[in-house]
Amino acid sequence: MSISRRALTAVAVALVLPLSACGPGGGDGGTSDASGKVEGDITFQTWNLRADFKDYFEDLIAAFEEKYPDTHVKWIDQPAEGYADKISADAAGGTLPDVVNVSPDLVAPLARAGLALDLDRAAARYRKEYLPGAWAGHRIPGTTGTYAFPWYLNTGPLFYNKALFRKAGLDPEKPPRTYGELFADALEMAEKSGGKVATLANVPTIEDFGRYGVPLMNEQGTAFTFNDPKGVELLTKYQRLYDAKALDPQALTATGESAGKKFLTGAVAMNPGSALDLGNFRKNAPGLYRNIGITDQITSTGHVNMYVMGVMVNSRTRHTPAAVAFAHFVTDAGNQMAFAKRVAIFPSTAGSLDDPYFTRQDGTDETRVRVAAAKSLKNAVNYTPVLFSEQMKTALRNEVAKALQGKESPKEALDNAVKAADRLLRQG
């Protein structure tokens, strides 16, 4: 299952998407009225879920068809690789499924092209069933609608290596909880290890700027703003870490996987993760597992970052009542809870995170991570702007690298990153 954000090429959709595009049922387009009889054949597309959850989704569909005997749901599962391109092609060709598994950045160009049903208009009665932050996760800056039901959420703690903290003379039971403490501890660890042990393995991303309290975009959704003084302050601090070898030298080209390997081998002292990582530590790095520390994400805003997946309804479907009913069925409290107990994700429905499964400790590290993450998700925020594409992420990463290497000042780097992102935004 993929929970990473994958960008849909907005330019391609805008240029080639015919205004008369229709859903897979054909016809001249659908209606936003979801109040009619729930009937008809609809298609449901998921994102790389069949291999691990075939039985779950077959049972889910069977239960829906039993509840609504005049419906039939055809399930399509697409691989993770090329998923964004597949959606783009279907959108352009008029073959977009009736109900589609999306992330916020995937739904944004579809909403702008008029292909995503506005749930604030068509299904507003369901809004109260979901966490406010999750429902807001599929809103598009500059618009007033919500374009997908929130589905599963994810977030995670920071893991740290107590042995490395102890060796550096830092208290392993008192990990950093503020950015000030993080940067101070990182510099201390680099100095005590002679530059052999870094604390972090990744350069700051747009999410890190958000957690630091940097305003990322204007309210109209027309320009990015992360080059403000607070953004420059954060990048300046990372530049100092890089110079002191408190930031891993390979951070400029690191991926999530490579950063995880650095943490696994003891080359870095802290790394973000989830409950899924604990099994990996136990199996592949027992020494690390015996010394694993777990702490909260560091944030200046009081809100941790969350990732949100959604279920979008094609606005051109011929069977709007059935498509909306099914999208809601997939994401209702009962079915989300059942799914959350199959895999380490979290439901987006209001009240679900108060279930004992997410609140009661049993002495295991896995439960400790799950309970802590569930608590933080109640007021979590999806910091990455839905209009921040993969190209924009690359532009930011390249400019951050120049700043860390001293080729540009932090202010110059962020100014250039904002210019590049704004240019791409206008092209879309």
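In what order do the three strands of the open sheet lie? Keep that in mind as you open the structure, which is a predicted model.

**Stop 1: the three-stranded sheet**

Select β5, β6 and β7. You're looking at an open sheet with the order β6-β5-β7, and the pairing is antiparallel. The edge strands are β6 (270-272) and β7 (292-295), and each of them pairs on one side only. Look along the sheet and you'll see that neighbouring strands are turned against each other, by 25° on average if you ignore direction.

What holds strands together in a sheet? They pair through backbone hydrogen bonds, either parallel or antiparallel.

Now zoom in on β5 (residues 158-161) and β7. These two run antiparallel and are joined by four bridges. For a landmark, click on Phe-159: standing opposite is Ile-294 in β7.

Next, add helix α11 (residues 256-264) to your selection. Helix α11 packs on this sheet and touches β5, β6 and β7. Compare directions, too: that of α11 makes about 140° with that of β6.

**Stop 2: strand β3 and its partners**

Clear the view and select β3 (residues 99-102). Which way do its residues point? Val-99 and Asn-101 go one way, while Val-100 and Val-102 go the other, and all of them are buried.

Now bring in strand β1 (residues 40-47). β1 and β3 pair in the parallel sense, over two bridges. To find one of the matched pairs, click on Phe-44, whose bridge partner in β3 is Val-99.

Then show strand β8 (residues 307-313). How do β3 and β8 pair, parallel or antiparallel? Here the sense is antiparallel, with four bridges. Try clicking on Val-100: its bridge partner in β8 is Met-312.

**Stop 3: two helices crossing**

For the last stop, select helix α10 (residues 229-243) and helix α19 (residues 410-427). Their axes come within 9 Å and cross at roughly 125°. Because of that angle, α10 counts as oblique to α19. The crossing is right-handed.

Who makes the contact? Show these side by side:

- From α10: Gly-231, Val-232, Leu-235, Thr-236 and Gln-239.
- From α19: Pro-410, Lys-411, Ala-413 and Leu-414.

Try colouring the contact residues by type. How many are nonpolar, polar and charged? You should get five nonpolar, three polar and one charged.

Technical notes
Residues numbered from 1 in each chain as written. Predicted model: local features only at pLDDT ≥ 70, side-chain atom pairs only at ≥ 80, totals over all residues. Heavy atoms only, no water. Buried < 20%, exposed > 50% of the residue type's maximum accessible area, 1.4 Å probe, protein only. Pairing = 2+ DSSP bridges. Axes fitted to C-alpha atoms, helices over the stretch in contact; angles between N-to-C directions. Parallel < 35°, antiparallel > 145°, perpendicular 65-115°, else oblique. Left-handed = near helix turned anticlockwise from the far one by under 90°. Contact = heavy atoms within 4.5 Å. Nonpolar A, V, L, I, M, F, W, Y, C, P; charged D, E, K, R; others polar.
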